[in-house]
Amino acid sequence: MAYKGLVAAAFTLATLANAKPLNRRVACADGRSASNEVCCQLFPLVDIIQEKLFDGGECGEEVHESLRLTFHDAIGFSPTAGGGGADGSIIAFADTETAFHANGGIDEIVDAQTQFIADNNVTISPGDFIQLAGAVGVANCPGAPRIPYFFGRPAPKAASPDGMIPEPFDSVDKILARFSDAGFSSAEVIALLASHSVAAADTVDPTIPGTPFDSTPGLFDSQFFVEVQLKGTAFPGTPDNEGESKSPAAGEMRIQSDEALARDSRTACEWQSFVDNHDKLMSAFSDAMVKMSVLGHDIKDLVDCSEVIPETTPLPADAGPHLLPATTMDDIEQACADTPFPTLTALPGPATSIPPVPPS
Ligand code: HEM
């Protein structure tokens with residue numbers, strides 16, 4: 001027994017000595033290091049994305065639009081109806097895809113990224129570029145997770161079919177069925193909607209562009225999940241546009257699909273679970289985003305280049321889930337049947353109007 005044990009130990013030591021180090025790093029030309037040499041080219045690209053596309057690293061309109069674009073490119077995928085998923089077809093076949101009704105307003109960021117790719121001699125595929133810009137951009141929003149990034153998507157072959165992107169006036173049944181067809185559970189749908197925490201609408205009501213979905217569109221926080229659960233009010237002068245619901249504050253946009261998903265028995269408890277659990281919000285969103293970013297590809301064919309995504313910053317110390325000024329817990333439209341909505345307090349002062357997200 002003792003002899004056998006010695007032999008086993010000697011074998012283990014010999015094997016470890018011969019094994020390649022598990023985390024072998026490659027030194028890139030600019031002094032940074034990567035896990036694979038193909039990732040090296042991405043460091044300088046990320047620097048210019050931050051400098052030129054995101055105004056030095058902000059979490060503003062261009063970031064919000066770039067995040068939306070990750071979704072509108074990727075969700076063009078169905079095992080039965082076709083589409084290449086996260087392949088950059090929305091850039092390569094922009095004439096076709098930007099004409100889809102669900103892509104209203106997306107042409108601005110498609111044009112901006114197309115111009116950026118041309119101006120800066122970007123050689124990576126449009127699918128890789130869209131997902132890179134999205135992950136880099138979100139990292140600029142305090143409170144956001146550092147979303148892992150996978151590289152190596154081939155060039156797109158064709159435009160995605162129309163009708164694959166959910167619309168704000170779609171029923172919950174239709175939305176969950178579409179996401180399920182693309183491989184997402186209802187819990188993952190709610191996790192992905194954390195993106196609406198750093199978001200605004202330009203085209204739902206074109207008379208008030210930049211109208212945010214929550215009161216903190218520059219922070220990746222849970223305010224979106226709180227504020228969509230508040231009772232909506234008819235504010236004077238707010239027309240009732242297609243897909244638009246009543247919101248809880250002047251200057252804030254609520255879309256019908258978010259309102260319905262927050263109140264549907266299949267999704268309400270998942271929705272509520274994000275209100276006071278920021279760690280869950282970050283990890284569930286990050287996991288679902290990675291899954292979305294590789295739709296249409298086998299992740300084993302891609303290279304993990306996550307180290308090129310900038311470090312993130314935490315939420316400011318005074319951020320935290322709260323009710324809007326002049327609202328109370330009675331304004332929460334409780335929908336989760338299992339557990340009560342977390343008890344929150346309102347910010348002090350009278351009801352205020354939420355300012356628009358300024359154009360970049
Ligand atoms: C049920 C599914 C969804 C529907 C119906 C929906 C609908 C919308 C609508 C109507 C807008 C406003 C567009 C405008 O008027 O400019 C919007 C904005 C946005 N959406 Fe979604 N969305 C959905 C899911 C997602 C997902 C999964 C993501 C994840 C990446 C996402 C990210 C965004 C972002 C970041 C914006 C803000 C864009 C900006 O501020 O310019 N959405 N969404």
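Start by selecting helix H6, residues 107-119, and then show what covers its buried residues: helix H2 (42-53), helix H3 (61-74), helix H4 (89-92), helix H5 (94-97) and helix H7 (126-139) are included. Helices here (H or I, at least four residues) and strands (E, at least two) are DSSP runs, numbered from the N terminus. You are looking at a predicted model, in which local features need pLDDT of at least 70 and side-chain atom pairs count only at pLDDT 80 or more, while totals for chains, interfaces and linings use all residues. Residues are numbered from 1 along each chain as its sequence is written, and side-chain values use heavy atoms, with hydrogens and water left out.

**Stop 1: along H6**

Which residues of H6 are buried? Colour Ile109, Val110, Gln113, Phe116 and Ile117; buried means under 20% relative accessible area, exposed over 50%, and partly exposed in between (1.4 Å probe, protein chains only). Now look down the axis of H6: these buried residues fall within an arc of 130°, so they line one face of the helix. The arc is taken from the directions from the helix axis to the C-beta atoms. An α-helix has 3.6 residues a turn, so residues three or four places apart point the same way.

Turn H6 sideways to check its length. Its 13 residues reach 18 Å from the first C-alpha to the last, close to the 18 Å expected at 1.5 Å a residue. That expected span is 1.5 Å times one less than the number of residues.

**Stop 2: Phe116**

Stay in helix H6 and pick Phe116. Phe116 has a relative accessible area of 5%, so it is buried. Leaving aside residues up to four places away in sequence, Phe116 touches Leu45, Ile48, Ile49, Lys52, Leu53, Val122 and Phe129, where contact means heavy atoms within 4.5 Å. Try a distance label to Lys52: the two residues are 64 apart in sequence, and their C-alpha atoms are 8.3 Å apart in space.

**Stop 3: over to H2**

Next, select H2 and highlight its buried residues, Leu42, Phe43, Leu45, Val46, Ile49, Gln50 and Leu53. They cover an arc of only 165° around the axis, which puts them on the same side of H2. Their packing partners are strand S2 (33-34), H3, H6, H7 and strand S3 (150-151).

**Stop 4: two positive phi values**

Just after H2 comes Asp55, with a positive phi of about 50°. Asp55 sits in the loop between H2 and H3 and is partly exposed, at 49% relative accessible area. For a companion view, go to Asn121, in the loop between H6 and H7. Phi of Asn121 is near 50°, a positive value in a residue other than glycine, and with 63% relative accessibility Asn121 counts as exposed.

**Stop 5: the pockets**

Rolling a probe the size of a water molecule over the atoms shows where empty space is left. On a 1 Å grid over the protein atoms alone, a cavity is a set of points where a 1.4 Å probe fits but cannot get out, and a pocket is an open set with protein on both sides within 12 Å along at least five of seven lines; lining residues have an atom within 4 Å of a point. Grid points are joined across faces, edges and corners, and a volume is the space filled by probe spheres set on the points.

The largest pocket has a volume of about 970 Å³. Of its 42 lining residues, centre your view on those closest to the middle: Arg68, His72, His196, Phe213 and Ile255. H3 brings the largest share of this lining, 8 residues. By class, the lining divides into 24 nonpolar, 11 polar and 7 charged; Ala, Val, Leu, Ile, Met, Phe, Trp, Tyr, Cys and Pro count as nonpolar, Asp, Glu, Lys and Arg as charged, and the others, Gly among them, as polar.

**Stop 6: the cavity**

How many cavities of 30 Å³ or more does a search of the whole structure find? The search finds 1, and the volume of the largest cavity is about 60 Å³. Show Gln131, Ala135, Ile147, Pro148, Tyr149, Met289, Val290 and Ser293 to see its lining. Helix H13 (278-293) and H7 each supply at least two of these residues, and H13 gives the most, with 3.
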